[in-house]
Amino acid sequence: MSDSFDIVIIGGGAAGLSAALTCLNRGKTVAVVLNPQETESLYKAEQVSNYPGLPAMSGKELSDLFRRQLEESGAELKKGRALSVLPMGDSFGVAVEDRFLTGRAVILAAGITREKLYPGEAEFLGRGVSYCATCDGMLYRGKTVAVVGGSEEAKRDADFLESIGCRVLRFEKNGAYAVKGEGKVSALLFGGQEYPVDGVFILKDTVSVTRLVPGLEYESGGIVTDRHMATAVPGVFAAGDCTGKPYQLAKAVGEGNVAALSACEYVDSLSSAKPTN
Ligand SMILES: Cc1cc2nc3c(=O)[nH]c(=O)nc-3n(C[C@H](O)[C@H](O)[C@H](O)COP(=O)(O)OP(=O)(O)OC[C@H]3O[C@@H](n4cnc5c(N)ncnc54)[C@H](O)[C@@H]3O)c2cc1C
């Protein structure tokens, strides 16, 4: 199965579903990177009574309908967290846990992430702090690393790091962690103790879009887009709660549709710009 797509959509909630349906209608190949259904905002709504054409129902019921439609849509569903989006000429590489996808355009439909960074996390990102064991593990062969995170995926990544020759300290509890160093990571602080390490793998359930794609612009906590849902990074579009308030289902669906049309146009423009021999 190919891992190259016209369009990679990050997030399988209302905005991501809407974007996927429109991209598929336009004949594009689509991958949707998606977290578990319970992480969607809609899933948490007690009752939704302002969505056109449907009777009032619980958020879970509506989310079930959306998820089924996504599963039957023909989009390739890639379960897991997108960890980074890297521009690669006229396409993008999207790291999804232990896989790597490419898309000619990317639509961010990742909702809102209410996460706090640990002290030192942003400062040492790329200088000892990593979110991806598969991507960066080999840099720490023979060295000591901390793996912070209690999910099954974090445990698998800790096992992987051990298998390639890292000395692994596992920190599975939630808590007040801090990363320390000078120029690069030298220690992890937790529970009043200092653990000397060369690297810290932070494996939370979500990755804030602020860290996912370099070069985006933000205003009032949302990704800045134009009317076509284009972000500051050419080829990257955004839709739904991640573009800011109002946090409403109909807005997410509408923006997903516009982002998809724009992404399709962008992909078509790349194809027509190719020199013909
Ligand atoms: C309690 C509650 C009640 C609400 N009630 C209403 C209502 O009555 N009417 C109304 O119109 N709106 C309501 N809303 C708002 C509405 O649910 C949201 O605006 C809408 O669902 C947003 O959809 P979205 O696709 O933008 O984001 P989400 O539904 O949050 O979907 C984003 C998805 O992307 C995933 N994701 C994030 N990062 C990554 C990554 N790195 N890799 C892979 N996946 C990722 C997330 O885990 C999530 O599954 C309510 C919201 C809440 C919380």
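User: What phi does G165 take, just after α5?
Analyst: G165 has a positive phi of about 100°. Helices and strands here are DSSP runs (H or I over at least four residues for a helix, E over at least two for a strand), numbered from the N terminus. Residue numbers start from 1 along each chain as its sequence is written. Keep in mind that this is a predicted model: local features need pLDDT of at least 70, side-chain atom pairs count only at pLDDT 80 or more, and totals for chains, interfaces and linings use all residues.

User: Why are A154, D157, A158 and L161 in α5 called buried?
Analyst: Buried means that 20 or more other C-beta atoms, placed from the backbone, lie within 10 Å of a residue's own; exposed means 12 or fewer, and partly exposed is in between. Those four residues are buried, so each of them meets the first cut-off.

User: What makes these buried residues line one face of α5?
Analyst: Looking down the axis of α5, they fall within an arc of 105° (taken from the directions from the helix axis to the C-beta atoms), so they line one face. The face turned away from the buried side carries the exposed residues E152 and S163.

User: What do the buried residues of α5 pack against?
Analyst: They pack against α4 (133-136), β8 (144-148), β9 (167-171) and β13 (199-202), with contact meaning C-beta atoms within 7 Å.

User: Why are β7 and β9 called edge strands?
Analyst: The open sheet runs β7-β13-β8-β9, with parallel pairing. β7 (129-130) and β9 each pair on one side only. Pairing takes at least two DSSP bridges, and β7 and β13 have two, so they pair.

Key: Two residues are in contact if their C-beta atoms, placed from the backbone, lie within 7 Å.
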